[in-house]
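Student: Hi! Could you walk me through this structure? I'm new to this, so plain words please.

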Amino acid sequence: MTRTSSIPLRLAATAIAVTGVLSLSGCLYAQIPATSPTDATSPSTETDAPVDEAPGSTLTFAEGLDLADDTYIEWGDGLMADDGWKTVSPDDGNGGWTYGTVDGTCTARFWQGYTTDVPVVDGDDSASSDAILGVLLQTPTSEVTALATTGEFSYMAGGSGGVEMRQVAGVDGSRTWLMAARAFTQTGVGLSVIVDCTAGDAEATMAAINEENAVVVTP
């Protein structure tokens, strides 16, 4: 199921809310590692995304540039029907909403909207995805690019993978977090999700979310 609300105009309100979330987590943006992970992928480097899938089953950074400028892109809402998750905060009118695990150990804050407040790079969905992360983390895009890795959201159906995105992960004691984003410069919109776990593994939780949740693209 996809969300029925229209895509909002701004990321700024969500960035403010995220800053509040991160401050409750011990200023997690300050926990970003000072050195680049060995498996970091630069915007100009090919990734190990699957290459044996049928045409149209992926949406890589390069393939995003082929989208029509009026393509509608949004999160599917796969967690709505998952008994392991509950609504923590409903849609706030700025494109943000939050689910939490029923055991209270993890939250997943979603955002979708126009990238009006993001220093995007036209024709570069990877660098622009880093720019979304930079806005949310209040960190220059160049610093995010040096630290982020390339991963995948699911495309059209949970568990499918195929939508390249950029992500940054961190640890703060027993708390782990992972923030991921994808910008679509052809359409001027973006998506992000922040997984924050007081116990357990944020990366494993993100993988579980991708099994249920997907990016939905409507021509």
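Tutor: Sure! Let's begin with Thr 187, which touches Ala 68, Asp 69, Thr 71 and Ile 73, leaving aside residues up to four places away in sequence. Keep in mind that this is a predicted model.

Student: Okay, and where is Thr 187 found?

Tutor: Thr 187 sits in the loop between strand S7 (175-184) and strand S8 (189-197).

Student: Is Thr 187 buried or exposed?

Tutor: Thr 187 counts as buried, because its relative accessibility is 12% and the cut-off for buried is under 20%.

Student: Cool. Now the sheet: what order do the strands have?

Tutor: The order is S2-S3-S4-S8-S7-S6-S5, in an open sheet of seven strands with antiparallel pairing. Strand S2 (85-89) and strand S5 (149-154) are at the edges; each has a single partner strand, so one side of each has no neighbour in the sheet. From one strand to the next, the twist averages 30°.

Student: And what holds strands together in general?

Tutor: Strands of a sheet pair through backbone hydrogen bonds, and the pairing can be parallel or antiparallel.

Student: Back to S2, then. How many bridges does S2 have with strand S3?

Tutor: S2 and strand S3 (residues 96-101) pair over four bridges, in the antiparallel sense. Ser 89 stands opposite Thr 98 in S3, and Lys 86 stands opposite Gly 100 in S3. The two strands form a hairpin with six residues between them. In the turn, Gly 93 has a positive phi of about 85°.

Student: Which strands does helix H3 lie across?

Tutor: Helix H3 (residues 125-137) lies across strand S4 (106-114), strand S6 (162-172), S7 and S8, and runs at about 135° to S7. Helix H5 (residues 202-212) packs on the sheet too, touching S2, S4, S5, S6, S7 and S8. The direction of H5 makes about 130° with that of S8.

Student: Switching topic: how many salt bridges are there in the whole structure?

Tutor: A search finds four salt bridges. In general, side chains of opposite charge can pair when their charged atoms come close.

Student: Can you show me one with helix H3?

Tutor: Happily! The side chains of Arg 182 and Asp 125 meet in a salt bridge, at 3.1 Å from N to O. Arg 182 is in strand S7 and Asp 125 is in helix H3, so this pair ties together parts that are 57 residues apart in sequence.

Student: Are Arg 182 and Asp 125 buried or exposed?

Tutor: Arg 182 counts as buried, at 0% relative accessibility. Asp 125 counts as buried as well, at 1%.

Student: What about Asp 130, what does it pair with?

Tutor: Asp 130 forms a salt bridge with Arg 166, and their closest N and O atoms are 2.9 Å apart. Asp 130 lies in helix H3 and Arg 166 in strand S6, so the pair joins parts 36 residues apart in sequence. Both Asp 130 and Arg 166 are buried.

Student: One more, please! Which residue is bridged to Asp 196?

Tutor: That would be Arg 175, with the closest N and O atoms 3.2 Å apart. Asp 196 is in strand S8 and Arg 175 in strand S7, so the pair ties together parts 21 residues apart in sequence. Asp 196 counts as buried, at 6% relative accessibility.

Key:
Residues numbered from 1 in each chain as written. Predicted model: local features only at pLDDT ≥ 70, side-chain atom pairs only at ≥ 80, totals over all residues. Heavy atoms only, no water. Buried < 20%, exposed > 50% of the residue type's maximum accessible area, 1.4 Å probe, protein only. Contact = heavy atoms within 4.5 Å. Pairing = 2+ DSSP bridges. Axes fitted to C-alpha atoms, helices over the stretch in contact; angles between N-to-C directions.
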